[in-house]
Amino acid sequence: MTPPDTTPDAKKDRRDFLLKFGTGAGVVALATQGAASLRSLVPNVSYDSPTTVKLGPPADFPDGLKFLADERLFIFRDGNTFHAISAVCTHLGCTVRAEALPRAETATVGGQPMQLTHRFSCPCHGSKYKGDGTNVSGPAPKPLAWYRLSVAADDGQLVVDLADQVDRDFRLTV
Ligand code: FES
């Protein structure tokens, strides 16, 4: 077995090799870490909720109002006619509460007569809305949104599109 070469040239060669090896390993480690950091900015799964939501068969909705907590939505039914009003306060987004009126009122909403059975109030800063969503007091800057309802072609369920705001003359008749 030959003894290790301990001449000054051999020592310098080893030092150069170790320096280059260490530098290369450091660059590879930094590049790998950088790539992993960039990849973490791209989600594997989209958590965006779909804007179109099936709500159930129209028969599941009683006459009057039904609150859907997941969608933060009020569905109103009057016979075969439906409309949907958002429960999201237009001030800072708290969920408004519906309060039954002592006596139903008839109002003209979107140019058509409508029985208003409720009004809405916001527990956060006290905004109040009429039963058609019109803001009447408090810091809310605009009315509650109305959303388009439709009937699913495949199974007849009521469908709301939370990206499609409609005017207050919207009614769905099934
Ligand atoms: S969030 Fe409703 S009044 Fe402020």
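Here, a residue counts as buried under 20% relative accessible area, as exposed over 50%, and as partly exposed in between. Keep those cut-offs handy for this tour, and remember that you are looking at a predicted model.

**Start with the whole chain**

Switch on a cartoon view. The protein has 1 helix and 11 strands. Follow the chain along the sequence and you read α-β-β-β-β-β-β-β-β-β-β-β. Colour by accessibility next: of the 174 residues in the protein, 29% are buried.

**Stop 1: the hairpin**

Select residues 64-68, which are strand 2, and then 73-78, which are strand 3. The two strands pair in the antiparallel sense, and 5 bridges connect them. To check the register, click on Gly 64 and look across: Arg 77 in strand 3 stands opposite.

Strand 2 and strand 3 form a hairpin with 4 residues between them. Zoom in on Arg 72, in the loop between these two strands. Its phi is positive, about 50°, although Arg 72 is not a glycine. Is Arg 72 buried, partly exposed or exposed? Its relative accessibility is 27%, and the in-between class runs from 20% to 50%, so Arg 72 counts as partly exposed.

**Stop 2: the largest pocket**

Now move to the largest pocket, with a volume of about 260 Å³. It is lined by 15 residues, and the ones to select for its centre are Arg 77, Asp 78, His 83, Met 114 and Gln 115, the closest to that point. You have met Arg 77 already, as the residue opposite Gly 64.

Which strands each supply at least two residues of the lining? Show strand 3 (73-78), strand 4 (81-86) and strand 6 (112-121) and you have them. Strand 6 gives the largest share, with 7 residues. Colour the lining by residue class and you should find 8 polar, 4 nonpolar and 3 charged residues.

**Stop 3: His 118**

Stay on strand 6 and pick His 118, which is found there. With a relative accessible area of 15%, which falls under the 20% cut-off, His 118 is buried. Show side chains here and put a distance on the pair: the side chain of His 118 makes a polar contact with that of Thr 117, at 2.7 Å.

**Stop 4: the cysteines**

How many disulfides does a search of the whole structure find? The result is 1. Select Cys 94 and Cys 124 to see the link, with a distance of 1.9 Å from S to S. The pair ties together distant parts of the chain, 30 residues apart: Cys 94 is in the loop between strand 4 and strand 5 (97-109), and Cys 124 is in the loop between strand 6 and strand 7 (128-129). If you set up a dihedral about the S-S bond, expect -95°, a left-handed link.

Before you leave, compare accessibility at three cysteines. Cys 124, from the disulfide, has 37% relative accessibility and so counts as partly exposed. Click on Cys 89 next: at 5% relative accessibility, Cys 89 counts as buried. Then go to Cys 122, where the relative accessible area is 6%, so Cys 122 is buried too.

How values were computed
Residues numbered from 1 in each chain as written. Predicted model: local features only at pLDDT ≥ 70, side-chain atom pairs only at ≥ 80, totals over all residues. Heavy atoms only, no water. 1 Å grid on protein atoms, 1.4 Å probe; cavity = no way out; pocket = protein on both sides within 12 Å on 5 of 7 lines; lining within 4 Å. Points joined across faces, edges and corners; volume = space filled by probe spheres on them. Nonpolar A, V, L, I, M, F, W, Y, C, P; charged D, E, K, R; others polar. Pairing = 2+ DSSP bridges. Disulfide = S-S within 2.5 Å. Buried < 20%, exposed > 50% of the residue type's maximum accessible area, 1.4 Å probe, protein only. Polar contact = N/O pair within 3.5 Å; in protein donor to acceptor, adjacent residues only side chain to side chain.
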